[in-house]
Amino acid sequence: MIQLLQNLGATTRTSFTKLGRGTYFLLQTISGILSVLARPRLLLNQMYSVGVLSFLIITISGLFVGMVLGLQGYYTLSDFGAEETLGVMVAASLVRELGPVVSALLFAGRAGSALTAEIGLMKATEQLSGMEMMAVDPVKRIITPRFLAGLISMPILAALFSAVGIIGGQIIGSGLLGVDEGAYWSQMQANIDFQDDIINGVIKSFVFGFIASWIALFEGYDAIPTSEGVSRATTRTVVNSAFSILGLDFILTALMFGDD
Amino acid sequence: MQHTSTQDTLVGLFVASGIVGLFFLALQVSNLSSFVEEDSYTITARFENSGGLKPKSPVSAAGVKIGKVRSISFDPKTYESVVQMSINSQYNTIPDDTTASVFTAGLLGEQYVNLEPGGSDVFLQNDGKIEITQSAIILEKAIGQFLFKSAEDSAEEKK
């Protein structure tokens, strides 16, 4: 019994210590933003590996998610004779929820895990401590560019996901199932609000980009510098990112769309 | 790692595609484009009961959307609902004896204001008022009246 309590206390303490280290790490990262902006080449390289390389998986997934929404939405809506509102259904679910959330989950799986593995291996092969020896701050040189790249890429990827998904829904809806194309777009335009839906979706994806990059980089930076430690850190990145993204999504949705 | 200039181009393309995506969402998907050509004038109508009318509900004449409801407020003196509507400036020939009524699109659809033009030669200007209005039909009220009436009828038959 005492043992149990001891274990509980130790687990609680280590997780709070980790959160504290994570917060300190985040502040360090943010404090390096100015010095990264002075050397945009670093940021550009990371934009390539974080953003451009995630482009394909995001657009293809977006297309298929939109097509599935088109199919499923059509079957359900046609029971009520409301096929014309298919555009609203596809667009609202993509712009508000699926776009930011699914692209953030894919981003955590595709880019986040790569970041963790990269940073963890740098730590294991003592590249980070080597930099410190040369009086180069590894956080400013390595971490902050990746963090910023994630922060910028995420809203772009989410917007692409939604846009491609809406087109995919249109291809299936009006191309295959015979929903009137004009009704698809006009119903959508009448019911999707720029401020309430699209701006909120962008804010969401921004928050998710922040949280996913933070977790990925911190897990890599905090990994035990062995091959097993890096592999565990990579797993934790994907699991923790998924939890945080879905949990935050609930909170953000409750805050943003609570009124109507 | 690829040659840097190719990489730059790809990053540039990536950012550009993101901006295109956002523009697509803003202009094609949302109602932002309907704000842009917003050159409108305001008219006011007072309803005894505006029902489920909301701001942004459509205002139409002869079935064509010509504007939208801007705001709805309650007048504490006359106990009426004051509905302000923005009408597109291109439709500036609405007679001042127009009837405004609150209708429902379909049985369960959203409510909208319908304008039925009168025969007057004087047109409504900005801040004009529509004098003749017809309230929304409240479904509960209508059902209540119907039930009451059928009960009355059956009572009369028994006599």
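Author: Two residues are in contact if their C-beta atoms, placed from the backbone, lie within 7 Å. Please keep in mind throughout that the model before you is a predicted one.

Reader: With that cut-off, how many residues of chain B are in contact with chain A?

Author: By that criterion, 19 residues of chain B are in contact with 23 residues of chain A. On the chain B side, the elements that give two or more residues are α1 (4-29) and α2 (32-36), and the largest share, 15 residues, comes from α1(B).

Reader: What kinds of residues make up the side of chain B that touches chain A?

Author: That side divides into 10 nonpolar residues, 8 polar residues and 1 charged residue.

Reader: Turning to chain A, how should I read the span of helix α1, and is the helix covered or uncovered?

Author: The span of a helix can be set beside the value expected at 1.5 Å a residue. Helix α1 of chain A, residues 2-31, has 30 residues and reaches 43 Å from its first C-alpha to its last, which is close to the expected 44 Å. As for covering, α1(A) is hardly covered, with a count of 1 buried residue among its 30.

Reader: How is chain B divided into domains, and how far apart do their centres lie?

Author: The assignment divides chain B into domain 1, residues 4-33, and domain 2, residues 41-144, and the C-alpha centres of these two domains lie 41 Å apart.

Reader: In what order do the strands of the chain B sheet stand, and which strands are at the edges?

Author: To read a sheet, follow its strands from one neighbour to the next. Here the sheet is open, has 8 strands and mixed pairing, and runs in the order β7-β1-β4-β3-β2-β6-β5-β8. The edges are held by β7 (128-130) and β8 (132-134) of chain B, each of which has a single partner strand, so one side of each is left without a neighbour in the sheet. From one strand to the next, the twist averages 30°.

Reader: Which residues stand opposite each other where β1(B) pairs with β4(B)?

Author: Strand β1 (residues 40-47) and strand β4 (residues 80-88) of chain B pair in the antiparallel sense over 8 bridges, and one example to look for is B:T44, which stands opposite B:Q84 in β4(B).

Reader: And what are the partners of B:A100 in β6(B) and in β8(B)?

Author: Strand β5 (residues 99-104) pairs with strand β6 (residues 111-116) of chain B in the antiparallel sense over 6 bridges, and there B:A100 stands opposite B:L115. With β8(B), strand β5(B) pairs in the parallel sense over 3 bridges, and in β8(B) the bridge partner of B:A100 is B:T133.

How values were computed. Residues numbered from 1 in each chain as written. Chains lettered and ligands numbered in written order. Predicted model: local features only at pLDDT ≥ 70, side-chain atom pairs only at ≥ 80, totals over all residues. Helix = DSSP H or I, 4+ residues; strand = E, 2+ residues; numbered from the N terminus. Nonpolar A, V, L, I, M, F, W, Y, C, P; charged D, E, K, R; others polar. Expected span 1.5 Å × (residues − 1). Buried ≥ 20, exposed ≤ 12 C-beta atoms within 10 Å, placed from the backbone. Pairing = 2+ DSSP bridges. Axes fitted to C-alpha atoms, helices over the stretch in contact; angles between N-to-C directions. Domains from an automatic or database assignment.
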